[in-house]
Every structure is written in structure tokens, then in C-alpha cells.
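Me: I would like to go through this structure with you. Could we take it one topic at a time, starting with strand pairing?
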Amino acid sequence: MFDAEMFMFWLIASLTGLCAIATVITQNIVRSATWLLFTLAGTSSIFFLLGADFVGAIQLLIYVGGTMVLVVFGVMLTAQGPFVNMRTSGAEWAISIVAGLMLLGVLCFGLTSFQNLPTGEALAKAKDAHTKQRKANDPKTSTHASTIGQALSGVGYGPIYKRMPPLPPTKDAKGNLVTLPGVPRETERIHYLLPFEIVSVHLLVVLIGAAYLARAKRRRGGKA
Amino acid sequence: MLERLSDFWSLNATYVLAIIAANLLIGFMLVHAIFSVWLERKVAGRIQDRLGPTRVGGKFGWLQTLADGMKLLVKEDSIPASADQFLFRLGPYIVLLGSFLAFIALPFGDGVIARDMNIGLFFMLAIMSSEVFGIILIGYGSGSKWSLFGGMREAAQMISYEIPMALCVLVPVVVAGSMNLSEVAKSQSGIWNWYIFHDPFTFCAFWTYFTCAMASCKRAPFDLAEAESELVAGFHTEYSGFRWLVIFMAEYGSMFAVSGIAVIMFLGGWSLGLPFELTDFFGTTLGLGFFGVVVGNVINVTVFIVKGWFLVFVMMWVRWTLPRLRIDQVMMMCLKYLIPIGCVLLAGVSVWVLFVPIILQQIVGWLLFILSLAGLGYMGFQLRTWVSAPPGAGMPGMWRMEGLPGYQGATKSV
Amino acid sequence: MSEGVALYPYLVLGALLFTCGVICMATKRNAIGVLIGVELVLNGSNINFVAFSQYNPDFQVEGMIFALFVIVMAAGEAAVALAIVLNFYNNHSTVDVDSAEELKG
Amino acid sequence: MPDFADKPGLLYVLATLLPVASFTILLLWGALRWALRPYAKDNATVDGIFQAIGGEVPGRAPAYVATAAIFLSFCCALIGFVTFLSDAPKLYRLEHALRDAVAKHAKAHDDENEPKKDQPEKDAKAEGEGKHKKPDEIAAELRKEQIRWQHSWQWARVNTSQIADADRGTILTLGFRIDMLSAVMFMMVTFIATLIHLFSIGYMSDELKKEVEDHEVHTAHGHYHRRGRFGRFFMYLSLFCFSMLNLLLADNLFQIFVSWELVGICSFLLIGFYFERTSASNASNKAFITNRIGDAGFIIGMLILWTYFGSFNFEQIFTQVRCPHNDTHGEIVHEGKKLGANLVRADLDSVTEDKRVGNWQRYKLVPNGSHVLIMPREIPGHYHGPQDGVRAFVQPKKNQLGAIPYWLLTLAGLGIFLGCVGKSAQFPLQVWLPDAMEGPTPVSALIHAATMVAAGVYLVGRCYPLFTLDVLLTISYVGAITLFVAATIAVVMTDIKKVLAYSTVSQLGYMMLGLGVGGWTAGLLHLLTHAFFKALLFLGSGSVIYGCHHQQDMGKMGGLYPKMKITALTMLMGVLAIAGTPFFSGWYSKDEILAGAFGYFMVNKQHFLLFLLPLLTAGITTFYMFRMWFMTFTGKPKDDHVHEHAHESPWPMTVPLILLAILSVCVAWGWPLHKPQNSWLGHQLHHYSQPKTVTDPAFRDDHGDLVPLDADLVAENKAAIQHHSIVGMLAIAVVAIGLAFALALYYFGALDPNEAKEQFPGVHRFLLQKWYFDELYSVAIVRPGLTIAHWCRNFDTHVVDAFVNLIGKWNIVASYWSGRFDKGIVDGFVNLIADVSFTSGNWLRNVQTGYLRSYILFLALAGMAVWILLYAWAGTLFGG
């Protein structure tokens with residue numbers, strides 16, 4: 001049945017997709033960035049729709065508020081005179097679009113033939129879990145933010161057991177490939193403190209590097 | 001038919017309610033904008049020792065804004081030839097959107113909220129930060145150098161002030177242990193429990209936050225983006241009519257939004273200052289049920305809006321009191337002072353909450369509360385003295401005129 | 001009861017964004033355009049991550065955390081890329097990536 | 001100052017160090033003068049200093065320094081000797097008490113195992129109060145006494161391991177150990193050296209001149225002129241004395257070896273003192289090289305011992321090789337016979353490892369086993385004699401107990417003896433000693449009497465416990481041959497010093513013979529007595545030569561008695577002593593040697609030569625010694641020039657002669673005088689110092705009776721004692737015959753020596769040419785050596801070099817072809833690869849367009865391709 005959620009999804013998804021296409025097509029770089037903004041905002045909406053509030057908010061804050069500003073800065077600082085031709089030739093367009101469509105085809109084909117998702121009984125179970133999850137995604141009770149925070153801060157999240165790696169796909173009675181979910185095991189909580197720290201340090205390095213790169217003033221065409 | 005309807009309801013209640021809430025919020029924003037513009041003019045007039053609007057709408061000229069709005073709606077909507085038409089048209093809506101969407105997560109009362117989000121505070125900050133993009137588009141799309149300069153200034157300023165603002169807001173978050181605005185508000189029942197009085201760090205954080213908030217709303221003395229002495233009118237130089245109206249609606253909207261955040265995070269939210277929740281009091285304690293909840297919430301919403309407007313009033317007060325800074329001073333203040341202060345406050349409050357004994361925390365909290373009350377009382381006393389003083393006498397704290405060259409004496413100026 | 005939106009539409013949307021990003025990178029001669037393409041690509045993958053996190057209970061937190069990492073890295077990447085573009089502009093007076101062909105074989 | 005009262009052994013160290021101090025002073029003094037001399041002419045200040053320290057010739061001061069040093073040494077040795085004499089009985093008593101106590105203790109220990117409770121009380125009564133002490137206490141007391149006379153310092157260490165006994169063979173020590181032998185030797189050496197120093201002051205006075213003319217060295221400008229070397233001579237003497245004293249002092253083989261070599265180098269320096277003379281430098285070379293042959297043997301023997309015993313220390317080596325009498329359970333008994341101080345022989349074939357106990361080793365004891373057991377130097381537990389059969393159980397750690405093959409021990413002994421042969425100029429290597437007469441006469445006296453040649457005999461005496469019977473037999477025969485050969489040569493020599501030289505060789509042969517046949521005391525006593533009278537004779541001859549203005553040929557002397565009475569009379573004392581006249585010191589020692597030889601001969605009849613040759617030689621000795629005296633001092637002067645200028649020597653030379661003459665007569669006296677074995681000096685040596693291996697009646701069997709340890713040795717000793725008087729008579733008879741011949745030939749002129757020469761020209765020539773030893777060596781060794789060397793050189797030049805050259809040429813050719821191959825094929829291949837790489841790279845260059853966007857497209861296409869391949873692969877893998 002077609003419900004509001006579905007409607008919202010299709011609405012946002014189509015808008016996002018259109019904006020993405022517009023981003024590609026637009027020749028003016030600022031407009032392109034504007035369309036990108038809409039794409040990003042749409043993505044963020046998709047996240048909200050999926051119940052991932054925190055990721056959505058982060059997407060907004062960092063991409064829309066940060067990355068986009070940087071993009072626009074770049075646009076401003078490197079703005080071209082009106083006579084500079086940076087148009088792409090038709091042939092390039094054709095080649096790129098053909099290659100892109102091929103890529104899209106391959107990706108979609110890969111998605112439809114995606115074997116590693118639950119099927120049969122497992123699919124039903126996954127759907128149940130999904131439904132539960134959607135209910136749990138009630139913004140008032142959703143604990144995603146704190147879970148993510150725990151995961152990133154080294155406290156660990158989830159029940160105190162570790163999931164086994166998923167079993168290798170096996171064939172059921174009908175001959176379909178089935179992947180059974182991992183079997184819960186004991187021991188510690190999972191956390192991502194180390195990647196978090198690595199990313200932090202990485203960001204710091206990037207910050208310094210970017211500052212260094214940007215402040216270096218070289219003479220144009222002069223002797224290096 | 002009924003089945004289908006209930007089915008539909010059970011499936012889509014959230015969305016239906018959301019639409020209703022959105023309409024209410026739009027309405028509030030309009031009303032707020034109209035009231036704020038009027039208030040601004042009146043405050044400006046009073047501070048500049050004049051009356052402000054007086055004629056339209058009977059007393060106090062309270063319909064003046066509405067009339068102005070009507071005028072703006074019918075004005076010719078001109079677009080410069082060199083402008084990027086698409087972006088020129090798009091910009092104001094993005095600004096308005098950024099301002100409006102922030103209200104989604106802002107609780108006006110106990111449960112009076114469009115979408116009670118777990119990360120409401122974070123969401124608001126994120127949404128408001130997207131406002132700047134609209135301003136950039138406005139500045140760029142106008143095809144005018146004044147606009148471009150204004151837009152760029154605004155972008156730099158807002159992006160920079162995001163950081164100390166978020167840092168300061170995180171201070172009460174650390175105390176409350178939640179980013180859900182409703183929860184934060186509810187955890188401050190009783191005026192002595194307001195987070196502004198919780199500890200020295202939250203106390204400082206409030207003032208810092210408020211400074212940053214003013215800057216991020218490009219209010220004076222940080223209104224470099226529209227500094228008329230330098231940039232004509234900044235980023236919205238080329239705008240007129242309805243689009244100009246939209247820009248201003250957004251500005252006043254975000255003023256209320258940041259004030260609302262301040263109220264919720266520091267000033268007890270919708271609480272009247274009583275140590276119990278009014279909805280509970282009316283609904284459960286007095287046994288009035290749903291009606292009691294509605295009654296309580298009406299009081300709550302009123303209190304909240306009044307508190308918000310008071311902060312908006314303070315912003316205006318500051319605007320008409322202090323001179324404008326230079327852009328480099330603005331940036332320096334943010335990057336050199338406010339960000340370090342914010343970091344210190346955040347670290348300090350963490351240490352305070354974790355390591356300082358509870359009893360000491362409470363003693364300090366009470367001390368802060370009492371001292372603040374005493375300060376307010378002193379100010380009230382001074383005001384009363386001023387009110388009863390002969391006309392022309394200086395306000396408390398104002399520059400003394402005596403002894404200055406050319407000073408003729410107070411009585412002469414009457 | 002509704003089954004909600006299935007997983008595939010999300011994935012297809014991600015694929016679409018990804019493809020758009022690739023095409024964008026391939027067609028835009030402006031360096032900023034290339035950067036925009038990169039952002040699109042990253043967003044497409046992010047959609048996949050988050051979608052998986054919501055549809056696969058085993059991937060619930062990990063998906064979001066990966067998405068977060070991607071976002072953060074994207075921010076850093078954008079900063080560096082812009083710095084490079086600025087430098088490039090300083091040296092070539094243009095942001096046309098086709099003029100950056102000194103390393104031609 | 002070291003505490004000489006507590007550690008009187010240090011007196012000997014002081015006595016040793018005094019000469020080296022003197023040497024150092026003289027060396028530095030000379031070096032300073034040498035350094036200043038070139039500048040003295042130009043610079044007045046330097047000249048002042050130069051003159052202050054002696055100028056060109058510093059006078060007699062060096063002699064006084066050296067003489068004072070050696071005299072002080074003598075004083076130290078004297079004090080030490082007196083002290084030691086008072087200590088020796090105590091040491092002796094303690095040693096024996098310890099041995100008895102250990103035996104008793106072991107017995108009591110054994111008895112405890114059997115239930116005899118009244119035994120200890122009985123023992124306690126029987127032993128009396130003095131012997132009530134436990135072995136440990138006695139041992140401690142003994143150690144306390146011993147420590148007064150011995151000590152050693154480590155000066156080199158190879159291994160720093162702390163593991164017990166891991167330091168075996170890794171430590172070199174310097175030490176001193178005084179026993180009666182070394183004490184007496186010290187006395188003798190220092191005394192004689194003092195006298196020789198004194199004598200030299202007079203004898204070397206020629207060297208005091210600023211310029212000495214050497215009449216025997218001829219140059220184009222006449223005789224050779226040189227600076228006087230008075231100081232240098234005394235410097236060498238000091239070093240010589242130090243070396244010899246250090247040799248006496250040493251408690252380990254290595255230190256002895258060092259001194260040994262020092263002695264060698266000193267003799268080299270002194271024999272070649274007039275090195276400008278060809279004969280002198282040749283003689284010194286000969287002495288040195290001949291000694292090297294002996295030293296090679298010494299080193300071999302020493303290293304064999306080191307390898308097996310892990311130590312150079314005499315006491316440790318002896319303890320290990322003659323250990324059983326140190327067993328806490330008493331002696332090891334084998335088939336009812338106590339093995340005593342014999343070398344314990346075993347068979348290694350039966351060695352097994354007892355698994356139950358771990359490291360136990362079992363040796364089958366065999367009287368003539370192929371190996372000699374070496375016991376650990378410290379006794380961690382008991383040895384158990386093979387009472388339970390034929391096996392020796394020992395429990396020390398595996399590496400602490402070992403066995404040395406019997407032949408190897410023999411070889412070690414022979415090696416060491418070879419060293420002594422070289423030093424003491426024994427039979428095959430005796431050729432250097434007569435040539436050594438080229439040195440100044442006091443040097444000859446020193447070498448012959450006290451230092452160089454005595455060292456060899458002393459070492460044989462020192463290492464005596466190490467020598468197996470085979471070695472001892474070798475020593476005996478070498479001694480016998482030497483003494484006879486040398487004596488026969490001495491008969492025909494006319495050079496007064498050569499006669500004395502050959503007499504020395506002969507007497508040394510006596511000593512070796514005495515040692516070899518088991519007369520340890522006799523041999524060493526003869527060394528002592530001989531030292532005195534040989535010093536006397538040499539100094540006397542020196543006096544004669546000095547008086548005759550360096551005329552050495554006896555054929556030109558004669559009738560000197562009236563001119564130099566003191567010299568003549570003192571020399572007569574020496575002649576009588578060396579001839580073995582009763583009651584002269586030589587008699588005591590020579591008689592004992594002959595008795596020992598006779599005892600040996602009585603037990604081992606096949607070795608009759610060992611008695612016959614020395615007996616015969618006793619007569620010959622008398623003959624040639626009297627011949628010398630008669631030819632020198634009696635008869636008519638044969639050379640008027642010599643006779644006219646002959647004069648008596650000054651007092652520094654005659655006083656030593658008189659002193660030595662007195663000592664030559666009475667040094668070996670004992671009471672009653674007529675029994676040679678009662679010699680006091682001999683008794684001291686015999687009682688306190690003689691190794692237990694010679695005879696030791698101290699072991700008692702279970703019944704308390706003396707048990708012979710080594711049947712043969714005891715029988716020899718018995719025979720020697722029994723037949724002493726007979727042998728004495730025989731010897732006197734032979735001596736008398738010799739004297740008669742001498743009188744007849746050279747005093748009364750009843751027979752003409754020249755007639756005898758003409759009668760036996762072959763014999764005379766044979767003897768005159770010293771049995772053709774030098775020629776024999778030249779023919780047998782030197783010339784073949786040179787020939788072989790020539791052959792080797794030819795082989796090297798023509799075969800080896802040719803082969804090497806051939807290889808070189810081949811290499812050149814091969815290198816050429818290798819180069820061609822390298823350039824053509826290897827480089828070609830490499831170039832081909834490079835060309836292909838370059839071409840393909842150049843072509844592939846086009847792919848690198850430099851356009852970012854095309855790269856991105858490629859990337860996308862590549863990603864797709866990878867994905868498709870992956871998908872296909874997965875499809876085949878999972879069938880779907």
C-alpha cells in the first residue's frame with residue numbers, strides 16, 4: 001500500500017536524483033554547486049527519513065554548512081572572466097554519459113543480483129527487525145545518537161556480546177542461497193575509538209596541510 | 001470508509017500532524033516578524049529618545065508593520081540585469097527555509113513541538129548553519145559588488161561564529177546529559193535550577209553564547225554583512241518588495257530561534273520558575289486531565305515566547321546602544337577570544353560535573369543565583385531612582401555629561 | 001500494515017548519485033566541478049551505508065559510523081582539494097583541469 | 001713495607017727484585033747519557049748535566065750499584081734462609097701430622113660403618129694429646145705456615161667465568177714458593193754472584209777507559225777502538241742475576257719459562273759482550289740457537305702439561321699427578337699393594353659412566369696402564385681405593401678428573417728435559433758451552449757456576465715428580481754420555497778456560513746422572529758444591545789470565561806458582577774438590593752420585609754403563625784437572641814473556657778466591673765427616689725438599705709397618721746405602737789412579753804427553769776435534785738443511801711460480817673470452833630488454849594523457865570491469 005512514507009521517499013528521492021542530474025548538466029559552476037546543495041540536503045532528508053537523525057544532522061552541518069561554503073569560496077576566488085571557455089565538447093559529453101550509463105547499469109544489475117541479503121525466512125525476520133527498528137526510530141526514543149557516541153568514545157555499544165561473522169552462504173532446501181545471521185557470542189562491546197582517533201588526527205593534519213597549501217603565494221608564471 | 005480513514009490515520013498521523021505544526025509555525029513566524037519589526041522600531045525610537053511609530057493601528061502604532069508589509073507586497077519586484085536570475089530568486093527562500101526549519105525542533109511548551117528530536121539542539125544548529133548558503137547565493141546572484149562583499153563577510157562571520165556558539169551550547173548539554181531540548185528544559189524546574197545558575201561555567205557560557213548568537217544573526221554590533229556605511233545595504237542591496245520581506249522574516253525568525261535556544265538551554269525553557277511542571281500540575285495534581293494540560297501549556301507557551309521576546313529585545317537594545325565593529329575585529333574576537341573561551345568553558349564544565357563534590361556544586365549554584373538576584377535588584381533600584389529623578393538626568397551607567405566642554409546642564413535640554 | 005520502502009530504491013538512488021558524480025568528474029573542466037563530483041560520489045556511498053544500517057540489523061551502528069567517517073573525511077578532502085585548487089589557480093591563473101597536463105606521458 | 005716477619009717469603013721477592021732495580025737504574029742512567037751525549041758538545045748546560053751524571057765514562061759507580069744490589073740480595077737470602085731453617089721443621093712436622101691424621105680419620109670413618117664403638121677411645125689414647133687434632137685444624141695450621149713462604153698473584157686471565165673450576169687453564173700467575181731447595185739455591189746464587197761482581201770490578205777495569213783498543217778486532221785502520229762498556233757489563237750482570245733468582249723463586253712453570261728465556265738472552269748478551277769479535281758473536285749466536293732447540297722441547301712439554309692439568313703451578317700439577325696419597329681415606333690400594341706416590345696408571349678402556357649417579361667415572365687400575373690418572377687439584381670428596389675390586393670410583397665433576405696418556409706424560413717430561421739439556425749443555429746440545437768462553441771470564445764463572453747451566457739441573461730437580469721412569473732413564477743415559485764425552489775432550493784441551501768448560505759439562509752430566517738414577521739429593525747437592533768450586537776455578541783461571549795479560553793457552557804458561565801463590569793455592573783447593581778428594585765438598589756429592597748409580601746398576605744390571613762411565617770419568621776428571629794445574633803453575637815457564645809479566649791479581653780478585661776456596665772445601669760438611677750421606681746440606685735437601693716420589697717411607701700399613709712404595713726405587717736406595725763404602729773405595733781408587741797419571745805425565749815428567757799424542761794420533765785428533773760433534777752437526781743437519789732449502793727454493797722458483805704464472809696466463813685468456821661474452825651476449829640481452837622496455841613504455845606513454853577527466857573515465861571503466869569479472873567469478877563459484 002502506498003503510504004505517506006513511501007510518498008515522501010519517492011518525492012525526496014526523485015528530487016534528489018533530479019538535483020544530482022542538474023548538478024551534472026549545469027554549466028555554471030555556482031549553479032552546479034547550488035544543485036549540489038539541494039542534492040546534499042535531499043540526501044540528508046533521506047537520512048532523516050531512514051531515521052538516522054544524527055547522520056542527517058551531521059550531513060547538514062558539515063556538508064551544507066561547511067563543505068558547500070568551501071566550494072563557494074573556491075568558486076569566488078577562482079571566478080573566471082566571461083571569455084574563458086571551459087565548455088566540455090559534445091564528444092566528451094557523449095563518451096561520459098555512455099560510460100556513466102554503463103556504470104549505472106552495472107551497479108543496478110549488481111544491486112538486483114545482490115545475493116548477500118536475507119531471503120526467505122531470514123528476509124521475514126529481517127523485515128520484522130526492520131519494522132521494530134522503524135518503531136524504535138521514533139525520534140523521542142531513538143538512541144542512535146548516544147549509541148554512536150558510545151561507539152565512538154570507546155565505551156562500546158550494543159548488548160555485551162560480539163557477533164560472529166556471518167556464516168558463509170549455504171543452499172536451503174529449494175536451492176536458494178541463504179545467508180544465516182551471525183551467531184551471538186560472548187565478550188566485549190564493539191567500539192570505534194581507534195578509527196575515531198585516526199580520523200581526528202587525520203583531520204588535524206588536513207587542516208594544517210590545507211592551511212599551508214592555501215597560504216603559499218607563488219608568482220604566476222615566474223621562476224619557481 | 002472509516003476503516004480506510006483510521007488506517008490512513010494510523011499510517012500517516014505523523015505526517016498530518018507535521019503539516020499542521022508547520023502551518024502553525026509559519027503563522028508564528030509571521031506574527032513574530034511583524035511584532036519584532038514593530039518592537040524594533042519602538043525600541044530604537046525610545047533608545048534614541050524619540051517615539052517611533054505612533055499612528056497606524058491606534059495606540060503605539062502597532063499596525064505600522066502590517067501596513068509596511070502590505071506596501072512591500074505590492075512594490076515592484078525588480079531584478080538587476082547583471083544578476084543571475086535563478087540564484088537571485090532562489091536565495092531568499094533558502095534563507096527563510098533555514099530559519100524556519102530550525103523551529104521544527106524548538107519546543108514551545110511541554111509537548112508543544114513539531115518534532116521532538118533526540119538531537120534537537122544539534123539539528124537546530126545544523127539547520128541554521130545552512131542559512132548562510134542562501135545569503136551567499138543572494139550576494140553572488142545579485143551581480144553587485146556590494147552584495148558580493150556582504151555575502152562573503154556574512155559567510156565568513158557565520159561560519160566562524162558557529163563554532164563558539166556550538167561550544168557554548170554544549171556546556172549546558174554536558175550538565176543536562178541530553179541534546180533533546182524538551183528534556184533539557186524539563187530538567188530545570190525551579191528558577192534556582194536554571195542552568196545559568198548551575199555553575200560559573202554555564203553562567204559565562206550564557207553570555208558568550210548570546211554574543212555569538214547575535215553575531216550569527218548578523219545583528220549589530222556584528223552586522224557587517226549589511227553595514228550601510230560601507231556596503232550600502234550589504235547582501236540585500238538589490239532586493240526589494242516581497243523578497244526583501246522574506247529576508248527580514250528569516251532574520252527575525254532566526255533571532256527568535258537563537259533566543260529560544262538560549263531560553264531553553266540556560267533560562268529554564270518554558271518554565272515560569274516554579275519547581276514543578278505546569279502541565280503536570282494542572283493535568284495530574286489538580287486532576288484536570290487533558291484540559292489541564294492545555295491550560296498549563298498555554299501558560300508555558302506564553303512564558304516561553306515572552307522570554308524569547310525579552311532576549312530579542314535585549315538584542316535590539318544592544319543594537320541601538322553599541323557602535324559597529326570592523327570586520328577584522330569581528331573575526332579576531334571570534335577566533336582569538338570566543339573559541340578559546342568556549343573550549344575552556346566546555347573543559348571546565350566537564351571537570352566541574354565530574355570531579356567537584358555535589359555539595360560544593362550546590363553551594364556555588366545558590367551563590368550564583370543569589371548574587372544574580374542581588375545584581376538584578378540593584379539594577380532595579382537604580383532604574384527606580386532614575387525613573388523618579390527629574391527629566392534629563394542621566395541613566396545609571398551612562399556617560400556623565402558634567403564637566404565636558406559645551407555642557408550646558410541637564411535642565412536646559414528639556 | 002505497511003512494509004515501508006524496500007532497500008533497493010535506496011540503493012538505486014545511491015547508485016544514481018554515484019553515477020552522476022562520476023559523470024560530473026568526467027565532464028567538468030572546472031576543478032571545483034570535479035570536486036563537486038567527488039562529493040556526489042561520496043554521498044551516493046553514504047546513502048548506501050545508511051540504508052544498509054537501517055535494513056541490516058547486523059550493520060545498524062556500523063553503517064552510520066562509516067557514514068560519519070565518510071562525511072568527515074569528505075570535509076577534510078574538500079579542504080585539501082580547495083587548497084590545491086587555490087595553488088593551482090595561483091600557478092596557472094585558471095582552474096581548468098585540462099591545463100594541468102604537465103605530467104602527460 | 002711488606003711485613004717480612006709475617007711473610008718472610010717476601011724477603012726472597014725483595015732479593016729477586018733488587019738486581020732488577022739495579023738493572024733499571026743502570027739502564028736509565030745509560031739511556032740518559034746516550035740521549036744527552038749528542039747535545040753535550042754544543043750546549044754548556046747539557047754538558048754540565050752530562051758531566052754530572054758521569055760523562056763519557058762514569059767510573060766504577062755502576063759496579064757499586066750492581067754489587068750493592070746483589071750483596072743486599074745475598075743478605076736477604078741469608079736472613080730468609082735462617083728464618084726458613086727455623087720454620088722448616090714445623091712445616092715438616094705439620095705435613096706429616098696432617099697425613100697421619102687424615103689416615104686415622106679415614107680409618108675411624110671406616111670403622112664407624114662397622115659397629116666398633118670402643119675404637120675412637122682407643123685411638124685417642126694411642127695418639128696422645130698432640131695428635132688429637134682433626135685433619136681440618138691441622139690443615140688450617142699448615143696452610144697458615146705455608147702462606148708465610150708462598151703466594152701468587154694473577155696477572156692474566158682469559159676467562160672471567162665464575163663457574164667453579166671453569167678457570168682451569170685460563171689464569172696465569174706470578175708467584176713465589178720457597179722450599180729448602182730454592183732457599184739453598186738462593187743462598188748459593190746470591191753469594192757466588194756477589195763474589196763474581198766483586199771479582200769483575202777488578203777484572204773489567206780495562207773497560208773503565210774512555211777508549212778501549214780491542215786487539216782481537218782488526219780493521220782497515222788497525223785495531224778497533226770503542227768506548228768502554230763497564231756499566232753495561234754490570235747492567236747485564238744484574239739482569240742475569242735477576243733472571244736466575246726469579247727462576248728460583250717461581251712457583252709455576254710459566255714464570256720459570258719467562259726467567260728461562262731471560263737467562264738465555266742474558267747469556268747471549270754476555271757471551272757476545274765483545275760482539276765486535278766474530279768469534280764472540282758467533283759463539284753467542286750458537287749458544288742462543290742451541291738453547292732454542294731445547295726451549296722448543298720445553299714449550300711442548302709445558303703446553304702438554306697445561307692442556308692436561310690446567311695449571312702451571314708446580315704444587316697443583318704434582319698434587320694432581322701424584323694425588324692418591326692425599327686421599328682422605330688413605331692410600332689407594334691395588335691388589336694389596338699401596339700405590340703410594342707412584343703415578344697411578346689406569347686403563348681408559350674400561351671407563352664407564354654410571355647412570356645412577358651421573359658423573360661418576362670408573363677407571364680400571366692397571367699397574368702398567370696406558371694412561372696416568374690425573375686427580376682433581378682440590379678434593380671435593382673422597383676417592384675410594386679399589387678395595388672392592390679393580391675400579392677406582394671418583395666423584396668429582398667430570399672435567400675435574402682426567403687421564404693423560406702415559407706416552408704423552410713421558411713426552412712432556414722429555415720435552416722439559418730437552419729444555420734442560422739445552423740449558424745445561426747436555427749430550428746432544430753441549431756444543432755451545434765451550435764456545436761460550438768467548439765472554440769475559442767472570443761471565444763464564446757465573447754461567448758455569450751459578451746461573452745458566454744450573455738452571456737446567458734445577459728444573460730437572462723441580463719437575464722431578466713429573467718424570468716417568470722412562471724419562472728418568474733417558475736423563476741418566478744423557479748424563480752418563482755427557483760426562484764421559486766431555487771429560488775425554490777436556491783431557492786434550494790446552495786452553496785453560498776450555499778445560500774448565502768441558503769439566504763443567506762433565507760435572508753437569510754427573511748431576512743429571514745422579515738425578516736420573518734416583519739420587520735427587522745427590523744430584524742437587526753436586527750442583528751446589530760444584531757451583532762453589534767451579535766458580536773458584538773459573539775465577540782462578542780469570543785471575544791467571546788477568547795476570548798473564550789475557551793469555552789463555554796453558555802451553556804458554558807454567559811455573560806461575562811463585563808469582564801468584566794465592567791464585568795457585570785456591571785453585572788447588574778447587575781442583576781437589578772437583579776431583580773428589582775425600583773431605584772436600586766435591587767428594588760428598590760425587591760419592592753420593594756414584595752410590596746412587598751403583599744402586600741403580602745393582603737393581604738393573606743391564607744398565608751397567610750408568611755406573612761404569614761415571615766411575616771411569618772420576619779418574620779422568622782427576623787427571624785433566626791436575627793436568628791443568630800442573631801445566632799452569634808448575635814446571636818451567638814455557639813462555640818467558642808471559643812469565644815475566646805475570647803478577648798476582650789485586651785484592652778484589654783474590655778475596656773472592658779465598659772465600660770460595662774455603663767454601664769449596666767445607667760447604668758440604670756434616671758430622672761425622674767421613675760419611676758422605678751425613679752432609680748437612682744434603683741432609684737438609686733430602687729431609688725437607690726431596691720429592692716424595694724418590695723415597696717416602698711415611699706411609700704405614702694397617703699394622704703400622706713401613707711399606708715400600710716403589711719396590712725398585714727402595715731397592716736402589718737400599719743398595720746405594722749398603723754399598724756406599726764399596727763405591728767410595730772404588731772412587732778413591734780411581735781418583736788416585738787419575739792423580740798418578742797426572743803426576744807422572746805433567747809433574748814428574750816420567751811420561752811425555754807429546755809421546756802419548758804421537759802414539760794415538762787418531763784418538764788425539766778425535767778428542768781435539770771434540771768428537772767431531774760440530775762437524776757431525778754440520779754434516780748431518782746444517783748442510784742437509786741448506787741443501788733442502790736450496791731444493792725448496794728451486795721448487796718454488798721453477799714449479800710453484802711456473803704454475804702460478806700459468807694460471808695467470810689462463811686467467812688472461814679466460815678473461816678475454818669472458819669479456820667478449822659479457823659485451824656481446826649479456827649486454828646484448830640487457831640492451832634488448834632495455835630497448836623493448838623503452839619502446840613499449842614510449843608507446844604506453846600515450847595512455848598518460850595528463851587529463852584528469854580521462855583518468856576518471858578510465859577509473860570508472862576499470863571499476864566496472866573489475867566488478868563484472870568479480871561477479872562472473874562469484875557466479876561460477878556459487879552457481880548463481
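Reply: Certainly. In chain D, strand β3 (residues 212–219) pairs with β4(D) in the antiparallel sense, over five bridges. Please keep in mind that this is a predicted model.

Me: What joins β3(D) to β4(D)?
Reply: The connection is a hairpin through two residues.

Me: And which residue is the bridge partner of V212(D)?
Reply: The partner of V212(D) is R226(D), in β4(D). R226(D) is buried, with a relative accessible area of 7%.

Me: Which side chain does R226(D) meet in a salt bridge?
Reply: R226(D) meets E276(D), at 3.9 Å from N to O. This pair links distant parts of the chain: E276(D) is in the loop between α8 (253–271) and α9 (278–309) of chain D, R226(D) is in strand β4 (residues 222–226), and the two are 50 residues apart.

Me: Is E276(D) buried or exposed?
Reply: E276(D) counts as buried, because its relative accessibility of 17% falls under the 20% cut-off.

Me: How many salt bridges are there over all chains?
Reply: A search of the whole structure gives 22. Among them is the pair R41(B) and D68(B), whose side chains meet at 2.4 Å, N to O. R41(B) belongs to helix α1 (residues 2–47) of chain B and D68(B) to helix α2 (residues 64–74) of chain B, so the pair links parts of the chain 27 residues apart.

Me: How accessible are R41(B) and D68(B)?
Reply: R41(B) is partly exposed at 32% relative accessible area. D68(B) is also in the partly exposed class, at 21%.

Me: Back to chain D. What does R177(D) pair with?
Reply: The side chain of R177(D) forms a salt bridge with that of E315(D), at 3.4 Å from N to O. The two residues lie in distant parts of the chain, 138 residues apart: R177(D) in strand β2 (residues 171–177) and E315(D) in helix α10 (residues 314–321) of chain D. R177(D) is partly exposed at 22% relative accessibility, and E315(D) is partly exposed at 26%.

Me: Which residues are joined into one network by salt bridges that share partners?
Reply: The network consists of E40(B), R219(B), E251(B) and R319(B).

Me: New topic: how many disulfides does a search of the whole structure find?
Reply: The search finds zero over all chains. As for individual cysteines, C108(A) is partly exposed, with a relative accessible area of 23%, and C666(D) is partly exposed at 25% relative accessibility.

Me: Where is the nonpolar surface patch, and which residues make it?
Reply: The patch is made by F821(D), I825(D), V826(D), F829(D), V830(D), L832(D), I833(D) and V836(D), and covers about 750 Å². One of these residues, V826(D), is found in helix α28 (residues 773–844) of chain D. V826(D) is partly exposed, at 32% relative accessible area.

Me: Which residues should I look at for backbone angles?
Reply: Two residues come to mind, with this background: most residues other than glycine have a negative phi. K218(B), which is not a glycine, has a positive phi of about 45°. Y772(D), a residue other than glycine, has a positive phi near 55°.

Me: Where are K218(B) and Y772(D) found?
Reply: K218(B) is in the loop between α8 (200–216) and α9 (228–231) of chain B, and is buried at 3% relative accessible area. Y772(D) is in the loop between α27 (761–768) and α28 of chain D, and is partly exposed at 30%.

Me: What about helix α4 of chain A: how far apart are its end C-alpha atoms?
Reply: They are 32 Å apart. This agrees with the expected span of 33 Å, because the helix (residues 90–112) has 23 residues at 1.5 Å a residue.

Me: Which residues of α4(A) are buried?
Reply: They are W93(A), S96(A), A99(A), G100(A), L103(A), L104(A), V106(A), G110(A) and L111(A).

Me: Last one, in chain C: where does S53(C) lie?
Reply: S53(C) lies in helix α2 (residues 31–55) of chain C and counts as buried, at 1% relative accessibility. The C-alpha atoms of S53(C) and I65(C) are separated by 9.4 Å, with the two residues 12 apart along the chain.

Key: Residues are numbered from 1 along each chain as its sequence is written. Chains are lettered from A and ligands numbered from 1 in the order in which they are written. This is a predicted model: local features need pLDDT of at least 70, side-chain atom pairs count only at pLDDT 80 or more; totals for chains, interfaces and linings use all residues. Side-chain values use heavy atoms; hydrogens and water are left out. A salt bridge is a side-chain nitrogen of Lys or Arg within 4 Å of a carboxyl oxygen of Asp or Glu. Helices (H or I, at least four residues) and strands (E, at least two) are DSSP runs, numbered from the N terminus. Buried means under 20% relative accessible area, exposed over 50%, partly exposed in between (1.4 Å probe, protein chains only). A disulfide is a pair of cysteine sulfur atoms within 2.5 Å. Patches are made of residues with over 30% relative accessible area and no salt bridge: like charges are joined within 9 Å, nonpolar side chains (Val, Leu, Ile, Met, Phe, Trp, Tyr) within 5 Å. Accessible areas come from the Shrake-Rupley method with a 1.4 Å probe; for residues, only the protein chains shown count as cover. Two strands pair if DSSP finds at least two bridges between them. The expected span of a helix is 1.5 Å times one less than its number of residues.
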